[in-house]
Protein chains: 2
Amino acid sequence: MPVQERARVTRGSIVAGAAAVFEEAGYGSASLSTVAERAGVTKGALYFHFSSKEDLALAVIEAQHALVTKEARRTASYGRDALSTMVMICGSFARQLVREPVVRAGVRLTLEASAFGQQVTKPYHDWIRTMESLTRQGQAKGEIKDAVDAAAFARYLVASFTGVQMLSTILTERADVLERIEDMWSILLPSLVPDSKRDEFLTLVRLSVADTEFHPNPQA
Amino acid sequence: MPVQERARVTRGSIVAGAAAVFEEAGYGSASLSTVAERAGVTKGALYFHFSSKEDLALAVIEAQHALVTKEARRTASYGRDALSTMVMICGSFARQLVREPVVRAGVRLTLEASAFGQQVTKPYHDWIRTMESLTRQGQAKGEIKDAVDAAAFARYLVASFTGVQMLSTILTERADVLERIEDMWSILLPSLVPDSKRDEFLTLVRLSVADTEFHPNPQA
């Protein structure tokens, strides 16, 4: 393997090892020695890539945000209507929270960041921007009610998704996160679409959090 | 002062000092020496009351929850309808988040708890129980729509309140928390009450987060 490629692979193993350790222990109790051990690298190799625990935590957060954003882009590429796209993005994020170790750890660290004196704001701003733009698209096509304040709704959706997954983590170790996201949409839908459209979206919500991979037909 | 009373006062100063230090520095960076200094007590006195930083953090969380619960009980005692009571409880909690140092610190620590290996669950369970019972009361009197799943709504309200105040802390240091709680209710109301009642509740929402003390007439 060329040197650069080897370095990239090592860095990846360290980030994966760090994710596992942070997810199990939390930021406060995680140690760099445990991360090196879990990643199967020497402490020297670890320090070559990351100068501190903080650095490592920020790398896990970045890797998580990249994974979730990639999945959201894929969902958006299906070309469904805006509200369906929002529902499906939340569903795939929630499913990644259940099954992807780096996503689990990254979200936990984003929430814990203030405990280690960091404010991680970029992921929130990115999601608010995406959701606001989708809300406006849905309104322009008459699919989302005009009375909705797009900026306020986008901020609230991101805030409440954050709160829902956090409470699910605290109260059930995320065992119920998919059902709780389903509840969230059931409560939000009356603000967003006319009664006549609600059942159709509730079905989509249920599919979007279903545990099996959900690949809607882009032509549908 | 009798010995017991003196101990109580010292304990109170330590909790207040700890709240100030945790709020400024976060749990990770706070030190017991800084807390002793801020509280104006010796480290010996501090260790007499609290054996560790963790102990101290849990005491701040407990003091915060007691303060907010007391205010919520006062609000409930006005005897207004259930949904108004829920709106007013959220409003007074949000106002305490702005002006009460112990509430600010306690909520921050509750969120940061997982970073120090603690899961603080009691406050969430208490709030969910209160909100579920109020939702059912409102439904029994025909004030809240029957279609609402009371348990799901209560859990979602607590989760989204938590997410809203957290995002406000991260993005604006809580400068916009009152407006964001107002947004939350604007988005939730269509699920809860018929269109004809919405303006009345929006006015109440606006009053409940107004910066001046809000004492509705119990007879109203």
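**Figure 1. The interface of chain B and chain A in a predicted model.** In contact (heavy atoms within 4.5 Å) across this interface are 37 residues of chain B and 37 residues of chain A. Chain B and chain A bury about 3100 Å² between them, 68% of it on carbon and sulfur atoms, where buried area is the accessible area (1.4 Å probe) that two parts lose on being put together, summed over both. The model is predicted, so that local features need pLDDT of at least 70 and side-chain atom pairs count only at pLDDT 80 or more, whereas totals for chains, interfaces and linings use all residues. Residues are numbered from 1 along each chain as its sequence is written, chains are lettered from A and ligands numbered from 1 in the order in which they are written, and side-chain values use heavy atoms, with hydrogens and water left out.

**Figure 2. Polar and charged pairs between chain B and chain A, and the helices of chain B at the interface.** The rule for a salt bridge (a side-chain nitrogen of Lys or Arg within 4 Å of a carboxyl oxygen of Asp or Glu) finds two across the interface. Asp183(B) forms a salt bridge with Arg155(A), with 3.5 Å between the closest N and O atoms. Six residue pairs, both residues at pLDDT 80 or more, are in polar contact across the interface; a polar contact is a pair of N or O atoms within 3.5 Å, of which, within protein, one must be able to donate a hydrogen and the other to accept it, and residues adjacent in sequence count only if both atoms are side-chain atoms. Among the elements that give two or more residues to the side of chain B that touches chain A are helix H1 (3-29) and helix H9 (177-192) of chain B, while H8(B) gives the most, with 15 residues. Helices here are DSSP runs (H or I, at least four residues), numbered from the N terminus.

**Figure 3. The surroundings of Ser160(A).** Ser160(A) is found in helix H8 (residues 150-172) of chain A and, at 0% relative accessibility, counts as buried (under 20% relative accessible area, with exposed over 50% and partly exposed in between; 1.4 Å probe, protein chains only). Leaving aside residues up to four places away in sequence, Ser160(A) touches Met184(A), Tyr156(B) and Ser160(B).

**Figure 4. Thr169(B) and its contacts.** Thr169(B), which lies in helix H8 of chain B, is partly exposed, with a relative accessible area of 22%. Not counting residues up to four places away in sequence, Thr169(B) touches Gln119(A) and Arg174(B), and its side chain makes a polar contact with the side chain of Arg174(B) (3.1 Å).
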